[in-house]
Amino acid sequence: MIKSMTGYGRSDVRDRGYEISVEIRSLNHRFLDVNIKLNRLLSGLEERVREFVSEKIKRGRVDLSISFDVYDKTLSFIKIDEPLLEEYLKAFSEVKAKFDLKGSITVSDLIDLPEVIKLENEEVNLEEVWEILRIALDDAIGKLIDMRLKEGIKLYDDVTKRIEKVSEIVGEIEGLSLVMVEDYRKKLEQRIKELGVEVDPVRISMEVALIADKSCIAEEITRLKSHISQFRSSLNEEGPIGKKLDFILQEMNREANTIASKAINYRISSKVIDLKDEIEKIREQVQNIE
């Protein structure tokens, strides 16, 4: 079953004194582009995270945000930034002397100073954290893939209907091509009759034969039918198929352009416009298939 490249997943895991939240979003992209926003304490796990994601997701722009906290305070300690505190005390003394202020600084004043007293974590055991993070990643990515699959079902239904429409139009163009040359002959003879001139029938036949050769689209029709068949079978392949489908559609569009350049019948030209329009609508949908 095809997958959309659009999805979202989130997971929160609390274990062994740690709390990890994983939020993942994906959008369409030509390749796999993984952007990771990671807590600095877990920077040593970034490469593992990237590899884990690439094993599950093969295409799309992926934005991954991982937050990390220690809810077991026995794993934390209080740290005083002494250099910063000295700067504060120096500044207070200068202000007090300059403006002749009264009073003294208390401990409670020092506690309220920004960044002076911090609650920091002990050095994190990355192997232990990875075991928890992997669970959260697997859950969040699983939810994202579920959403991608649901969107994929809608895409499958839409492009399947549209490729049937493309097949119908190609059949109509083929039918018109079978009478195109004879129609040209009739119009040519009618024009000669209106002009009231005598033209050697052999010359007319040669002219018609030349036009028939230049305007023959049998090969293009055959290739279009082959591309349609390949597109249908590719829709049911396992794994990423978006790039393959897009390539097939490019080839279909190329054949449609060739037919348009050869057409000497306005009805065929009109059908080619319908064909190209339908192919473009499918390409718009295929851009979001993994």
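These notebook entries record what I looked up in a predicted model of a protein.

**Entry 1. Overall layout**

I began with the secondary structure. I found 8 helices and 6 strands in the protein. Reading along the sequence, I noted the pattern β-β-β-α-β-β-α-α-β-α-α-α-α-α. I then looked up burial for the chain as a whole. Of the 290 residues in the protein, 33% are buried.

**Entry 2. The segment before S1**

I turned next to the residues that precede strand S1, which spans 7–15. Serine 4 is found in this segment, and I asked whether serine 4 is buried or exposed. Serine 4 has a relative accessibility of 0%, and since buried means under 20%, serine 4 counts as buried. I also looked up the partner of its side chain. The side chain of serine 4 makes a polar contact with the side chain of asparagine 288, at 2.9 Å.

Threonine 6 is also found in the segment before S1. Threonine 6 is partly exposed, with a relative accessible area of 30%. I checked the separation between threonine 6 and glycine 152, which are 146 residues apart along the chain. Their C-alpha atoms are separated by 9.2 Å.

**Entry 3. Salt bridges**

I looked up the total and recorded 26 salt bridges in the structure. As background, side chains of opposite charge can pair when their charged atoms come close. I then examined individual pairs.

In one of them, arginine 10 and aspartate 12 meet through their side chains, at 3.2 Å from N to O. Arginine 10 has a relative accessible area of 35% and is partly exposed. Aspartate 12 counts as partly exposed as well, at 46% relative accessibility.

A further salt bridge joins glutamate 237 and lysine 244, whose closest N and O atoms are 2.9 Å apart. Glutamate 237 counts as partly exposed at 30% relative accessibility. For lysine 244 I noted 35% relative accessibility, and this residue too counts as partly exposed.

**Entry 4. A bridge between H6 and H7**

Which parts of the chain does the pair of lysine 262 and glutamate 220 link? I first confirmed the salt bridge itself, with the closest N and O atoms 3.1 Å apart. The pair links distant parts of the chain: lysine 262 lies in helix H7 (residues 242–262) and glutamate 220 in helix H6 (residues 218–234). The two residues are 42 residues apart.

I compared the burial of the two partners. Glutamate 220 is buried, with a relative accessible area of 4%, whereas lysine 262 is partly exposed, with 24%. Both residues also belong to a network of salt bridges that links Glu219, Glu220, Arg223, Glu255 and Lys262.

**Entry 5. Surface patches and helix H2**

I closed with the surface. What charge does the patch that includes Glu82 and Glu94 carry? The patch is one of negative charge, and Glu82, Glu86, Glu87 and Glu94 gather in it. Glutamate 87 has its place in helix H2, residues 82–99.

Which residues make the nonpolar surface patch of about 220 Å²? I found Leu89, Phe92 and Ile105 there. Phenylalanine 92 lies in helix H2. Phenylalanine 92 is partly exposed, with a relative accessible area of 33%. Helix H2 therefore appears in my notes on both patches: partly exposed means between 20% and 50%, and phenylalanine 92 in H2 falls in that range at 33%, while glutamate 87 in H2 is among the residues of the negative patch.

Technical notes
Residues numbered from 1 in each chain as written. Predicted model: local features only at pLDDT ≥ 70, side-chain atom pairs only at ≥ 80, totals over all residues. Heavy atoms only, no water. Patch = residues over 30% accessible without salt bridge, like charges linked within 9 Å, V, L, I, M, F, W, Y side chains within 5 Å. Areas by Shrake-Rupley, 256 points an atom, 1.4 Å probe, with all protein chains shown as cover. Salt bridge = Lys/Arg side-chain N within 4 Å of Asp/Glu carboxyl O. Lys, Arg positive; Asp, Glu negative; His and termini not counted. Charge placed at Lys NZ, Arg CZ, Asp CG, Glu CD. Helix = DSSP H or I, 4+ residues; strand = E, 2+ residues; numbered from the N terminus. Buried < 20%, exposed > 50% of the residue type's maximum accessible area, 1.4 Å probe, protein only. Polar contact = N/O pair within 3.5 Å; in protein donor to acceptor, adjacent residues only side chain to side chain.
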